[in-house]
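Good morning, colleagues. Please look at the sequence and the structure as they come up, and I shall then take you through a few of the features.

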Amino acid sequence: LFQLLSELIPPGGHLSVSYVDHRITARALLAGVPPAATPLGFLLWRSGCRWFKDWYFAEGWKEGGIKLQGEKPLNEARRRANTQKIVEELTEFLGKRGYLEAEIEKVCKELAARILKEVGNEKS
């Protein structure tokens, strides 16, 4: 579904996904996990998003509930730069231990490792 929706969005466009009822993503984002390493963030990553914003703090009253926004890059240069930033965030996250519930940490670290492996394969 994310992939299909992403194909309809032009470069620079975004998808926003409510995560209030997605326990793992909600707990992980609250604990400071990089968005791409959360289950919903990973789906956004796989659909081409390379920039994320956690809309945990609503700005006003018309935005609705909490959501994770993923944005598709405008061009190849922006994709590379944003991918590198995400790689750095995920690498740092993988070096941390014990500040999440074990189940959530396991899921998020597995997703982070998958992204790093995918990026490594792209460079090969």
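How many salt bridges does a search of the whole structure find? The search returns 10 salt bridges. I should say at once that we are looking at a predicted model. I shall begin with the charged pairs, then turn to the helices, and end with the sheet.

The first pair to consider is R23 with E103, a salt bridge whose closest N and O atoms are 2.8 Å apart. This pair links distant parts of the chain, since R23 belongs to helix α2 and E103 to helix α5, with the two positions 80 residues apart in the numbering. How accessible are the two partners? R23 has a relative accessible area of 41% and is partly exposed. E103, at 45%, is partly exposed as well.

The second pair is E101 with R27, where the closest N and O atoms lie 2.5 Å apart. Here too distant parts of the chain are linked: E101 sits in the loop between α4 (76–94) and α5, R27 sits in helix α2, and they are 74 residues apart. E101 has a relative accessibility of 32%, and therefore counts as partly exposed, the band between 20% and 50%. R27, at 39%, is also partly exposed.

Which residues are linked in a network of salt bridges? They are R23, R27, E101 and E103. The two pairs I have just described thus belong to one network.

For a local example, consider R80 and E76, which form a salt bridge with the closest N and O atoms 3.6 Å apart. Both residues lie in helix α4, 4 residues apart, or about one turn of the helix. E76 is partly exposed, with a relative accessibility of 40%.

Let me now turn to the packing of the helices. Two packed helices are described by the angle between their axes and by the distance between those axes. For helix α2 (residues 23–30) and helix α5 (residues 102–123), the angle is about 90 degrees and the axes are 10 Å apart. Angles from 65 to 115 degrees count as roughly perpendicular, so that is the description of α2 and α5. Which residues meet in this contact? From α2 there are R23, I24, R27 and A28, and from α5 there are E103, I104, V107 and C108. The residues of this contact divide into 5 nonpolar and 3 charged, with no polar residue. R23 and E103, which form a salt bridge, are both among the residues that meet here.

Next, is helix α3 (residues 39–46) largely enclosed or largely open? Of its 8 residues, 6 are buried, so helix α3 is largely enclosed by the rest of the structure. The buried residues are P39, L40, G41, F42, L44 and W45. Just after α3, G48 takes a positive phi of about 105 degrees.

W45 leads us to T83, a residue of helix α4. T83 has a relative accessibility of 8%, which is under the 20% limit, and so T83 counts as buried. Leaving aside its neighbours within four places in sequence, T83 is in contact with W45, R50 and V119.

I come finally to the sheet. Strands of a sheet pair through backbone hydrogen bonds, either parallel or antiparallel. In what order do the strands of this open sheet lie? The 3 strands have the order β1-β3-β2, with antiparallel pairing. The edge strands are β1 (14–18) and β2 (51–55), each of which pairs on one side only. On average, and ignoring direction, neighbouring strands of this sheet are turned by 20 degrees against each other.

Both edge strands pair with β3. On one side, β1 and strand β3 (residues 67–71) are joined in the antiparallel sense over 5 bridges, and V17 stands opposite L68 in β3. On the other side, 5 bridges join β2 to β3, again antiparallel, and D54 stands opposite L68 in β3. L68 therefore has V17 opposite it in one pairing and D54 in the other. As for accessibility, β3 is mostly covered, with 4 of its 5 residues buried. That concludes the tour of this predicted model.

Note on methods: Residues numbered from 1 in each chain as written. Predicted model: local features only at pLDDT ≥ 70, side-chain atom pairs only at ≥ 80, totals over all residues. Heavy atoms only, no water. Axes fitted to C-alpha atoms, helices over the stretch in contact; angles between N-to-C directions. Parallel < 35°, antiparallel > 145°, perpendicular 65-115°, else oblique. Contact = heavy atoms within 4.5 Å. Nonpolar A, V, L, I, M, F, W, Y, C, P; charged D, E, K, R; others polar. Salt bridge = Lys/Arg side-chain N within 4 Å of Asp/Glu carboxyl O. Buried < 20%, exposed > 50% of the residue type's maximum accessible area, 1.4 Å probe, protein only. Pairing = 2+ DSSP bridges.
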